[in-house]
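Hi,

Here is the structure I promised to pass on. Have a look at it first, then read my notes underneath.

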Amino acid sequence: VLSAANEEPGSHEEACIVTRIFRILYVTLAWAFLLGVAVQVFLAGLAIFGRSIFWVTHREFGYLLGWLPMSLILIGLLGRVGRPIMGRSLLLFALYIVHSLLIWVRGEAPAVAALHPVNAIALFWLALWLARRSTAALRREPGAAARELRSAEVAQT
Amino acid sequence: MTASAKRRPGPDGFAGRRRSHTIFLGLAWLLVLTIIVQFYLAGVAVFVDRSYWEVHLAFGHTGVAGAAFLALLAAAIGRLGRRTIGLAALLLVQIEIVQTLLVAWVGEAAGWKALHPVNALLIFWLALGQARRAKALPIDFHPTGIPKLEVGEDTLEPSNP
């Protein structure tokens with residue numbers, strides 16, 4: 001009983017640290033996805049106003065960006081980010097799938113494919129919500145203020 | 001009549017401000033909608049017919065800029081506060097000046113022009129912020145942004161509390 005009692009606080013603390021690391025990773029990836037959407041829109045702009053070869057870059061970068069919504073679901077689960085954030089992470093992934101599907105139908109239904117940039121706004125909006133909300137949740141975590149104070153004290157000394 | 005009595009808006013002033021607030025709220029959401037339509041028109045120009053760039057251009061100067069201008073007007077008439085009026089003015093400048101400059105007047109560099117859709121994302125974000133702000137605005141606030149005063153002081157007196 002004693003050994004269990006001795007181990008428990010340590011293992012609990014370790015679990016907390018691991019969860020916090022996943023949450024920090026989640027926040028980082030959420031902001032990275034938001035930045036990625038902006039870059040993706042910039043690449044589309046380069047293709048429209050510059051050379052059409054940039055459509056290839058836009059497509060490839062888009063597929064690369066697809067790893068982020070998937071990673072957000074996985075890391076969100078590991079970091080136990082809560083139901084509102086998890087729900088919207090799933091929605092983000094669903095919107096990403098829709099985004100790819102909209103391009104595939106451009107031959108048969110171009111007017112539907114034209115919703116591709118509209119869906120991009122939805123992705124941007126949702127990514128912004130997730131990035132801000134997860135950052136705020138991380139800051140509100142118990143002990144975050146104490147940690148900040150401690151690091152400030154260390155910096156002063 | 002004293003000077004302070006002249007300054008004090010009566011029940012009509014309060015009702016007028018409330019009407020302006022409602023109109024501003026509607027226009028703020030209308031602006032968000034026009035931006036979404038504008039993105040769709042860009043999509044139609046890319047995926048359906050290039051001639052829709054003309055529609056995109058015309059709608060930008062009329063529909064989107066018009067909604068932004070009317071929102072600014074409603075905010076100014078209703079004296080909805082400096083920040084609200086400032087944000088509405090910033091949106092109009094972004095839509096009518098910055099967006100046009102990025103496409104038409106910065107030379108032939110594609111890098112600058114490519115910032116046009118990125119800036120459109122920023123405009124969408126600002127417009128969304130304006131719409132949310134409009135929804136959260138209290139009706140009986142002080143136009144300069146100072147918290148509302150107690151009834152009985154030189155303040156707005158709601159006709160229907």
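Below is what I found, going from chain B to a helix pair and a salt bridge in chain A.

Before anything else, keep in mind that this is a predicted model.

Chain B first. Its secondary structure comes down to six helices and zero strands, so to speak an α-α-α-α-α-α pattern when you read along the sequence. Of the 161 residues in chain B, 40% are buried. If you take the contacts in chain B with a separation of 6 or more, 74% of them join residues 24 or more positions apart. The exposed area of chain B is about 8,800 Å², with carbon and sulfur atoms supplying 66% of it.

Now over to chain A, where I looked at helix H2 (residues 54–65) and helix H3 (residues 67–78). Their axes come within 5 Å and cross at roughly 5°. Angles under 35 degrees count as roughly parallel, so H2(A) is roughly parallel to H3(A). On the H2(A) side the contact is made by Tyr63(A), Leu64(A) and Leu65(A), and on the H3(A) side by Trp67(A), Leu68(A) and Pro69(A). By type, the residues of this contact are six nonpolar, no polar and no charged.

How many salt bridges turn up over all chains? A search of the whole structure gives one. Glu60(A) pairs with Arg59(A) in a salt bridge, and the closest N and O atoms are 3.1 Å apart. Glu60(A) counts as partly exposed because its relative accessibility is 42%, and Arg59(A) is also partly exposed, at 45%.

Cheers

Notes. Residues numbered from 1 in each chain as written. Chains lettered and ligands numbered in written order. Predicted model: local features only at pLDDT ≥ 70, side-chain atom pairs only at ≥ 80, totals over all residues. Heavy atoms only, no water. Axes fitted to C-alpha atoms, helices over the stretch in contact; angles between N-to-C directions. Helix = DSSP H or I, 4+ residues; strand = E, 2+ residues; numbered from the N terminus. Parallel < 35°, antiparallel > 145°, perpendicular 65-115°, else oblique. Contact = heavy atoms within 4.5 Å. Nonpolar A, V, L, I, M, F, W, Y, C, P; charged D, E, K, R; others polar. Salt bridge = Lys/Arg side-chain N within 4 Å of Asp/Glu carboxyl O. Buried < 20%, exposed > 50% of the residue type's maximum accessible area, 1.4 Å probe, protein only. Areas by Shrake-Rupley, 256 points an atom, 1.4 Å probe, with all protein chains shown as cover.
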